[in-house]
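Let's walk through this one together, starting from a single spot and working outwards. Have the sequence and the 3D view open side by side.

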Amino acid sequence: MSPEHKPVKRFIAGAVCPRCGVMDRIVSYVDSSQRSVRECIDCGFHEKLVEPEAAAELETRVTKKRSQPVKAQPLKFYKNVRGKNTKDSPG
Ligand SMILES: [Zn+2]
C-alpha cells in the first residue's frame, strides 16, 4: 500500500486527436512534474503542454528555498536614560 500519484484524467470535449483524428478521445491530466499532458486513449498519442505561466510557477517552486529556522534572539532592552543631567552648578 504505497500512495501513488494518480492523475485525474479528464476528457476534453470536442478535442480531436492530431494523430488518429478521433474526437472525444483526448484526456487531459497533470503528471507528477505538474505538467499538463494531453493523451489520446485511442492511439496512445500524448503530448506535454508547457505553458509559460505554469513553467514560471514551477520554477518559482523549485527555486523557492526552504525557510530557514530563525534563531530566537534574546531581546535586550537598554534603558535609554538620556534625560537632562542636572549638573552641580555653583551658584
Ligand atoms: Zn489518437
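**Starting from a turn**

Gln34 counts as exposed, because it has 11 C-beta neighbours inside 10 Å and the cut-off for exposed is 12 or fewer. Keep in mind as you look that this is a predicted model. Gln34 sits in the loop between β2 and β3, and its phi is near 60°, a positive value in a residue other than glycine.

That loop belongs to a hairpin: β2 and β3 have five residues between them, with Gln34 in the turn. Follow the two arms away from the turn and you'll find β2 at residues 26–30 and β3 at residues 36–40, running antiparallel and joined by five bridges. Want some pairs to click on? Tyr29 has Val37 in β3 as its bridge partner, and Ile26 stands opposite Cys40 in β3.

Now carry on along β3 and you run into another hairpin. β3 and β4 also have five residues between them, and here Gly44 in the turn has a positive phi of about 90°. Strand β4 covers residues 46–49, and four bridges join β3 to β4 in an antiparallel arrangement.

Ser36 is a handy residue for seeing how this second pairing works. Ser36 lies in strand β3 and stands opposite Leu49 in β4. The two are 13 residues apart along the chain, yet their C-alpha atoms are separated by 5.2 Å. As for its surroundings, Ser36 has 14 other C-beta atoms within 10 Å, so it comes out as partly exposed.

Arg38 gives you another view from within β3. Once you set aside the neighbours within four places in sequence, Arg38 is in contact with Ile26, Ser28, His46, Glu47 and Leu49. Ile26 falls within the range of β2, residues 26–30, while His46 falls within that of β4, residues 46–49. Reach a bit further and you get to Phe11: the C-alpha atoms of Arg38 and Phe11 are separated by 9.3 Å, with their positions 27 residues apart along the chain. Arg38 has 17 other C-beta atoms within 10 Å, so it is partly exposed.

Step back and the whole sheet comes into view. How are the four strands ordered? They form an open sheet in the order β1-β2-β3-β4, with antiparallel pairing. β1 and β4 are at the edges, each with a single partner strand, so one side of each has no neighbour in the sheet. While you're turning the model around, remember that side chains in a regular strand alternate between the two faces of the sheet.

There's one more loop to visit, the one between β1 (10–11) and β2, where you'll find Asp24. Like Gln34, Asp24 isn't a glycine, and its phi is positive, near 60°. Asp24 counts as partly exposed because 14 other C-beta atoms lie within 10 Å.

Finally, the chain as a whole. It has one helix and four strands, and reading along the sequence gives the pattern β-β-β-β-α. Just 3% of the 91 residues count as buried. Among contacts with a separation of 6 or more, 16% involve residues 24 or more positions apart.

Terms used: Residues are numbered from 1 along each chain as its sequence is written. This is a predicted model: local features need pLDDT of at least 70, side-chain atom pairs count only at pLDDT 80 or more; totals for chains, interfaces and linings use all residues. Two strands pair if DSSP finds at least two bridges between them. A residue is buried if 20 or more other C-beta atoms lie within 10 Å of its own, exposed if 12 or fewer, and partly exposed in between; C-beta atoms are placed from the backbone. Two residues are in contact if their C-beta atoms, placed from the backbone, lie within 7 Å.
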